[in-house]
Amino acid sequence: MMKNENRLVGAHLSTAGGLKKTLERAKALGCSAVQIFVANPRGWQSTPISEEAADAYKQAAADYGVHQLIIHAIYLVNLASPKEAVFKKSLAALRKDLVSAGRLGVKGIVLHPGSDLGEGQGVPRLERALASLKPNIPAGCRILLEGMAGTKNSLGDIPTIGSLCNNLGDAFGVCLDSAHLCASGYNLGEPKDFQRFTRDVKKHIGFKKLGCFHLNDSRQPCGSRRDHHENLGDGFVGKTGLVNVLQYKAFAHLPFIMETPGFDALGPDKKNMQRLRRYLKAD
């Protein structure tokens, strides 16, 4: 396993004030990996990161201790939507993110698989859309389909995203989320259920297809199919479940990104990072 001090751990951080401010926030928390939005996550209007800003970020990142950057696509993107206007806007937004990804040199763009609103054709629609984006994906970057909590009509269970990314080829992978796994029915703190989880990942996805892991606790009980994040160790994933994920050898190469609410409700904070680092070393 990779030494703990070399593990890629970090948080989803704000870009308010520019990417230099993001790096300052990352250093203050002790992040070696960072996830960002490159556009307003709740609006369609955006422009790609400028080449000048991207170059400045790449030159400065190592000095701040940040060795991997992940982009998260905006929340509005829904490539499974049967609504033509939403579908077209989603494609356009993701293409802009891919331009930013190429300029920033990121290895992954995390994408929610979306919802077909009960219409039933979301998976083939999503697959066609992703296939159409292949020419836009920068070398060395992958679109990472995120496993979801299992809310009604949403895509994102392990067999579905595994099948999609393996059908689509090397430019696609998977991002898992411990809170979503809990909500979808995996009790990560229970040995037999953790084994069931890792068997399902191996069978349906393959460990090489994993590109990122969101480390969050869950405010909702296991199997609730409700997506509410909690601070590390304070939810239904719990310390044992989080330790199991962090210390599993097949995940050791992945960036672990917190999206926790924070103890002051201001997002990922030092107390969450301290817990994460303790869990890396826990017996």
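**Loop residues with positive phi and the α8/α9 contact**

Ala265 lies in the loop that connects β10 (256-258) to α9. In this predicted model, the phi angle of Ala265 is near 60°, a positive value in a residue other than glycine. Most residues other than glycine have a negative phi. The relative accessibility of Ala265 is 63%, and the residue therefore counts as exposed, the cut-off for this class being over 50%.

A positive phi also occurs at Asn153, where the angle is near 70° and the residue is again not glycine. Asn153 is placed in the loop between β5 (142-146) and α5 (158-168). With a relative accessibility of 32%, Asn153 counts as partly exposed, because this value falls between the limits of 20% for buried and 50% for exposed residues.

The helix that follows the loop of Ala265 is α9, which spans residues 270-281 and packs against α8, residues 238-247. Two packed helices are described by the angle between their axes and the distance between the axes. For α8 and α9 the angle is about 65° and the axes are 8 Å apart. The two helices are therefore roughly perpendicular to each other, a class that covers angles of 65 to 115 degrees. The crossing of α8 past α9 is right-handed. On the α8 side, the contact is formed by Lys239, Leu242, Val243, Leu246 and Gln247, and on the α9 side by Leu276, Tyr279, Leu280 and Lys281. Sorted by class, the residues of this contact comprise 6 nonpolar, 1 polar and 2 charged.

Definitions and conventions: Residues are numbered from 1 along each chain as its sequence is written. This is a predicted model: local features need pLDDT of at least 70, side-chain atom pairs count only at pLDDT 80 or more; totals for chains, interfaces and linings use all residues. Side-chain values use heavy atoms; hydrogens and water are left out. Axes are lines fitted to C-alpha atoms, for helices over the stretch in contact, and angles run from 0 to 180 degrees between N-to-C directions. Helices (H or I, at least four residues) and strands (E, at least two) are DSSP runs, numbered from the N terminus. Angles under 35 degrees count as roughly parallel, over 145 as roughly antiparallel, 65 to 115 as roughly perpendicular and the rest as oblique. A crossing is left-handed if the near helix is turned anticlockwise from the far one by less than a right angle, and right-handed if clockwise. Contact means heavy atoms within 4.5 Å. Ala, Val, Leu, Ile, Met, Phe, Trp, Tyr, Cys and Pro count as nonpolar, Asp, Glu, Lys and Arg as charged, and the others, Gly among them, as polar. Buried means under 20% relative accessible area, exposed over 50%, partly exposed in between (1.4 Å probe, protein chains only).
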